[in-house]
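Here is a short report on two sheets and two loop residues. Please read it alongside the structure.

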Amino acid sequence: MSSAHSIPLESRGPPEALGAHAQEFTGSQLLLELLIREGVDTIFGYPGGAIMPVYDALYDYQGKISHILVRHEQGASHAAEGYARASGRVGVCMATSGPGATNLVTGIADAMLDSVPMVCITGQVGRAFLGTDAFQETDIIGITVPITKWNYQVTSAEELLEIIPKAFAVARSGRPGPVLIDITKNAQFEKVSVDFSNLPQGYALECRQIVDLSGLREAARLVNEAKRPLLLVGHGILISRAHQEARAFAEKGEIPVASTLLGLSTFPTDHPLYVGMLGMHGNYGPNVLTNEADVIIAVGMRFDDRVTGKLSEYARQARIVHIDIDPAELHKNVQVAVGIVSDAREALRALTPLLNRSTSAEWKGEFARCHALEEQKVIRRDLKPREGLPSMNKVIADLGEVTKGEAIVVTDVGQHQMATARYYPFRKVNALITSGGLGTMGYAVPAALGAAVALPHERVLAIAGDGGFQMTAQELGTIAQGKLSVKIVILNNNFLGMVRQWQQLFFEKRYSFVQMDNPDFVKLADAYGIPARRVSKCSEVREALATMWETPGPYLVEVVCEKEENIFPMIPAGAAVADIRLE
C-alpha cells in the first residue's frame, strides 16, 4: 500500500507549499487543480474503489467544484452531455473502473455521434496490476477507442500535467466530442511537485485545424444564380453559436430554411423563412422540395440517412454547397459542388456579404403550397379536439402554449421525440437537447438534470415515453436531492410506441414484445418526494401542464395517451424523401 494512502485523515488538507511557488500534490489533488484551471465547476459521478483517492481529495475541494451524485453511471454521462449542450462548456463525468467505466459507454457513444464536448475520467487498477485480470479491471481504453476523439491511460501523476489540458483542448477543438482519461490508482496516490506559475494557461494542439475558405466565391455565385435555393441548418450552427449569422444569411438572400433534428431552435419556428424539419418524420414541405431545389446550402449537418432517405435519389437535381468543420463529412454521403471546411460562424460571416439575390414568388409559392397541404392533411388531424384519450401531438402543442415556447426542452427517443420536434414552438436559441445520432432511450431525465445544473435559473422540460423513462427513472433521486427545477412529462401509451408503429406499418401488425405493463408513475415520483399528477382526459391536460410549469422545483405529469397513435409524415426506411407518407 502506498505511503500516501496511510496519511492520517486529520493531517490531510490543502497541498503543502514548497518554496516560493512550488507545491506538492498527490495525483488526485493535482487532477482537481487542473480541472479548476480548465474552468470546471461541476462533476457528475459515482464513486468506487479505483477512483476513491480522487473522491477523497474532492472532500477538501467542496466549494470549488460541485459534485452531483447520480444513481447510475449512465446517468452521469448523459448529465454531462446535457450540461455541455445547455452551457456550451465541456461536461465532466467520473466513475470507477470495470462496471463503473463500462456504464459510461452509452453516453460516450451518444456524445461522439452528436459532437458533444465531454471529458470522462475513470479510475483504474494500479499500474502493477494492469493486464492481470485484477478485480474490476476492464480495458476501457480499448473499449472506447471507436467512440472517443481521443483517450489515454495515465500511469503516473506527473503525466496529468500534460494530459488533462490536452483532454479539454481536444474535446473543445474543431468538431467537439468526448475524451476519456483512465487514471491508475497508483497515479492517484503518487506525489508530485508543481509550480503552476510556470505552466501555460492553455494547451496548443499539435494538429493544425484545417480551414479551407477557397470555395466561398464559387459558393456565392451558385447561391446568387439559384432560382430555387434551400438552406439546411444543422447542429453545427448551434455548436458554433452561429444562429445570428445563419439568420442574417437567410434574410439577406431571402432563402427558405429547413432544419435537421439537432438543428431545431436555430430559427424560431414562426420565422417567415422557416419551413420546418427535414427527415424521416419531418415536415412535408422541406422534404419534398429538397428534390426541387436547384442549390442546397448545408451548414453544420452531415447528410445522415434519416435526412437523405435513399441516397441514389436524394437531391439529384441540386448543386450542393456544404459547410462543415469536419473535412471527413464533405463528400462522405453526398457529392457536393463546393465544400468549405470551416467553423459555421466564420464561413457564414464571410459568405453573407457576397450575396446579391432575392427569391422568386414562384419558389415562395411552392413552399406555401406544401405547407397548406400538410396543414390540411396532417396538422388539422393531429391537433383536432378529441373526446377520447389525449394524443401526443396535441399534448406537445398544449405544452408549447403553456410554456410560451420558452422552455429548455430535453426529449427521450421515440414517438414523443418526433411529436416534440414537429409541434413544440421553439422561441429560444439552443432550446432542444435530444439524442440524434445514437437515438438513446433513457436520455431525457439525466440529460435534463445536467441542463438544469448548467442553467439553474431556467425551467427545464423533460419529455419521455413510458419505455425510455423507465431506463433511467432512478435519476429522479438525483433531481430530488438536488432540488432541480426539472419538469417531467411522461406520454404513456403502454407501448414501445415507435417500434409498435413500424410493426403496424411494415410487419402486418405483429406486435412482438412491445406492450408494457407500467408501474404507477405518480407513486414512483411520490416515493422520491416529487409532486406528480396523472391525467387521462383531454380536458385535464392543459390545466395539469400549467400547474406543473408554475410549481417551483421538480414536478412530474403522466399523460395517458392513445395506445396506437402514429406519427406522420413518415419516410419509410430505404425510401426517397419524395416518397414521404402523410398517413
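## Strands 11 and 12

Three bridges join strand 11 (residues 257-259) to strand 12, and the two strands pair in the parallel sense. V257 stands opposite Y274 in strand 12. The model is predicted.

## The sheet around strand 10

Strands 11 and 12 belong to an open sheet of six strands. The order is 12-11-10-13-14-15, and the pairing is parallel. Strand 12 (274-277) and strand 15 (338-341) are the edge strands. Each of these two pairs on one side only. On average, neighbouring strands of this sheet are turned by 15° against each other, direction ignored.

Helix 14 (residues 344-351) lies across strand 13 (295-299), strand 14 (319-324) and strand 15. The helix runs at about 130° to strand 14.

## F303, after strand 13

F303 sits in the loop between strand 13 and helix 13 (305-308). Is F303 buried or exposed? F303 counts as buried, because its relative accessibility is 2% and the cut-off for buried is under 20%.

Leaving out residues up to four places away in sequence, F303 touches L232, A298, T308, Y314, I320, H322, N333 and V334. A298 lies within strand 13 (295-299). I320 and H322 lie within strand 14 (319-324). S342 is 39 residues from F303 in sequence. In space the two are 17 Å apart, C-alpha to C-alpha.

## The sheet around strand 19

Another open sheet of six strands has the order 17-16-18-19-21-20. Its pairing is parallel. Strand 17 (432-433) and strand 20 (532-535) stand at the edges. Each has a single partner strand, so one side of each is left without a neighbour in the sheet.

Strand 19 (residues 486-492) and strand 21 (residues 555-560) run parallel and are joined by six bridges. I488 has L556 as its bridge partner in strand 21. Helix 16 (residues 392-403) packs on this sheet and touches strand 18 (460-465), strand 19 and strand 21. The direction of helix 16 makes about 160° with that of strand 19. Helix 23 (residues 538-550) also packs on the sheet. Helix 23 touches strand 18, strand 19, strand 20 and strand 21. Its direction makes about 170° with that of strand 20.

## S97, after strand 5

Where does S97 lie? S97 is in the loop between strand 5 (91-95) and helix 4 (99-102). At 1% relative accessibility, S97 counts as buried. With residues up to four places away in sequence not counted, S97 touches A50, G123, Q124 and Q136.

Definitions and conventions: Residues numbered from 1 in each chain as written. Predicted model: local features only at pLDDT ≥ 70, side-chain atom pairs only at ≥ 80, totals over all residues. Heavy atoms only, no water. Pairing = 2+ DSSP bridges. Helix = DSSP H or I, 4+ residues; strand = E, 2+ residues; numbered from the N terminus. Axes fitted to C-alpha atoms, helices over the stretch in contact; angles between N-to-C directions. Contact = heavy atoms within 4.5 Å. Buried < 20%, exposed > 50% of the residue type's maximum accessible area, 1.4 Å probe, protein only.
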